[in-house]
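Q: I am new to this structure. Please take me through one part of it closely, and then show me how the rest is arranged around that part.

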Amino acid sequence: RCTIGKHGVDVTADEARREAQRLRGLVADGHDPADEHAAIQTVPTLAVFAERYLAEHAAVKKKASSAAEDQRNLRKHVLPALGRRKVTEITRNDVSRLHAAMKAKPGAANRCLALLSKMFNLAEKWGYRPDGTNPTRHVEKFPERKIERFLSEAELARLGEVLDGAEQSGEHPSVIAAIRLLVFTGCRRNEILTLEWKHVDFDRGCLWLADSKTGAKMVPLGAAAIELLTGLSRIEGNPYVLPGAVPGSHYVALEKAWRRLRGRAGLVDVRLHDLRHSFASMGAGAGESLVLIGALLGHSNPATTARYAHLSSDPLKAAADRISGHIAGAMRGNPGKVVPLGTQRK
């Protein structure tokens, strides 16, 4: 037996007859409409499925910050639009409309698209959807503009002057030390804020980070960073290099302090993460190889380091400068000695 609906409320008599004929056809083909109806009823809505995703995937296989970002994107964007729909009902058009509605925030839209892609892959794996039915397929991401802001030597000088003045005027020591360490090491903000003394190896001149964005890594320390760390005071009972106001905690209000200090230095468009870019750009400008810079920054993908290629001292560019210089001299009637390619100067 299979209930079609309540007459006059759910269906009309004609609709019930048509549905009865369809169900009879299913029975004739060997299907049980009652079982299929029960199976449909057990399919969760996206909101319910999201709870399982967060508990069984994000909380287990992602970093806490990434899991929190997933939860935030679900709450703010995905679930208000699709949360009441069953996982099996959501189509590519539904995903495409959600993505298009977020075009004013292309970065957030692309993060939501990636999140849904992973969720529907798991929906297939967990048996809620047939294989190969992920509705995010062929929904193209928005192009994103990569923000690349590097501090020049003059800007670094202004920042250093502001930090010196702030240190003298009573700024929290952890603020000054954090900003300087970010510049000196190229580390990410949270890698420095959560740094513990047990991670600092003065004998080998490096940091041992057990849990960075790309996993465990070793960060070599230059002389400036070692000198800075050596001069910091340790607080008994607090394991962190940059202690906060709460006993036993690390400093957390760096963003607010940074906005204040960058304003004094005339660097209002510079983010804390741009200090990491500046570390890399200085290395590239000094002729360090991209492989070496990537290793210092802990990049797991060489393509991530490739953004600094245009800053490096390119041997081809240097050769072009020399040759064009000789040609320009010859055109002015002052030819210099042109060294043929392949010969060595002594």
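A: Start with a pair of helices. Helix 8 and helix 11 are roughly perpendicular to each other, because their axes cross at roughly 80°. Those axes come within 10 Å. Keep in mind that this is a predicted model.

Which residues make the contact between helix 8 and helix 11? Helix 8 brings Val175, Ala178, Ile179 and Leu182. Helix 11 brings Leu254, Ala257, Trp258 and Leu261. By class, the contact has 8 nonpolar residues, with no polar and no charged ones.

Now pick out Ile179. Leaving aside residues up to four places away in sequence, Ile179 touches Leu159, Leu163, Leu254, Trp258, Leu261 and Leu275. Leu254, Trp258 and Leu261 belong to the helix 11 side of the contact just described.

Next, widen the view to the core. The largest nonpolar core has 38 residues. Within it, Leu159, Ile179, Leu207, Leu254 and Leu275 touch the most other members. Several elements each supply at least two residues of this core: helix 7 (153-168), helix 8 (173-185), helix 9 (189-193), strand 2 (206-212), helix 10 (223-231) and helix 11 (254-264). Helix 8 gives the most, with 8 residues. Apart from this core lies another, of 25 residues. Among its members are Ala58, Ala67, Val87 and Ala123.

Leu275 leads on to helix 12. This helix covers residues 273-285 and has 13 residues. From its first C-alpha to its last it reaches 19 Å, close to the 18 Å expected at 1.5 Å a residue. Its buried residues are Asp274, Leu275, Arg276, His277, Ser278, Ala280, Ser281, Gly283 and Ala284.

For a contrast in direction, turn to helix 3 (residues 46-61) and helix 4 (residues 64-82). Their axes come within 11 Å and cross at roughly 170°. That angle makes helix 3 roughly antiparallel to helix 4. On the helix 3 side, the contact is made by Leu46, Ala47, Ala50, Tyr53, Leu54 and Ala58. On the helix 4 side, the residues are Ala67, Asp70, Gln71, Leu74, Val78, Leu79 and Leu82. By class, this contact has 11 nonpolar, 1 polar and 1 charged residues. Ala58 and Ala67 take part in it, and both are among the members of the 25-residue core.

Helix 3 and helix 4 also help to cover helix 6. Helix 5 (92-101) is included in that cover too. Helix 6 spans residues 106-125 and has 20 residues. Its first and last C-alpha lie 29 Å apart, close to the 28 Å expected at 1.5 Å a residue. Which residues of helix 6 are buried? They are Gly107, Ala109, Asn110, Cys112, Leu113, Leu115, Leu116, Met119, Phe120, Leu122, Ala123 and Glu124. Just after helix 6, Gly127 takes a positive phi of about 90°.

One more residue is worth a stop: Glu15, placed in helix 1 (residues 13-28). Glu15 is partly exposed, because its relative accessible area is 35%. Gly5 is 10 residues from Glu15 in sequence and 9.8 Å from it in space, C-alpha to C-alpha.

Finally, step back to the whole chain. The protein chain has 15 helices and 3 strands. Buried residues make up 36% of its 346 residues. Among contacts with a separation of 6 or more, 60% join residues 24 or more positions apart.

Key
Residues numbered from 1 in each chain as written. Predicted model: local features only at pLDDT ≥ 70, side-chain atom pairs only at ≥ 80, totals over all residues. Heavy atoms only, no water. Axes fitted to C-alpha atoms, helices over the stretch in contact; angles between N-to-C directions. Helix = DSSP H or I, 4+ residues; strand = E, 2+ residues; numbered from the N terminus. Parallel < 35°, antiparallel > 145°, perpendicular 65-115°, else oblique. Contact = heavy atoms within 4.5 Å. Nonpolar A, V, L, I, M, F, W, Y, C, P; charged D, E, K, R; others polar. Expected span 1.5 Å × (residues − 1). Buried < 20%, exposed > 50% of the residue type's maximum accessible area, 1.4 Å probe, protein only. Core = buried A, V, L, I, M, F, W, Y, C linked by side-chain atoms within 4.5 Å.
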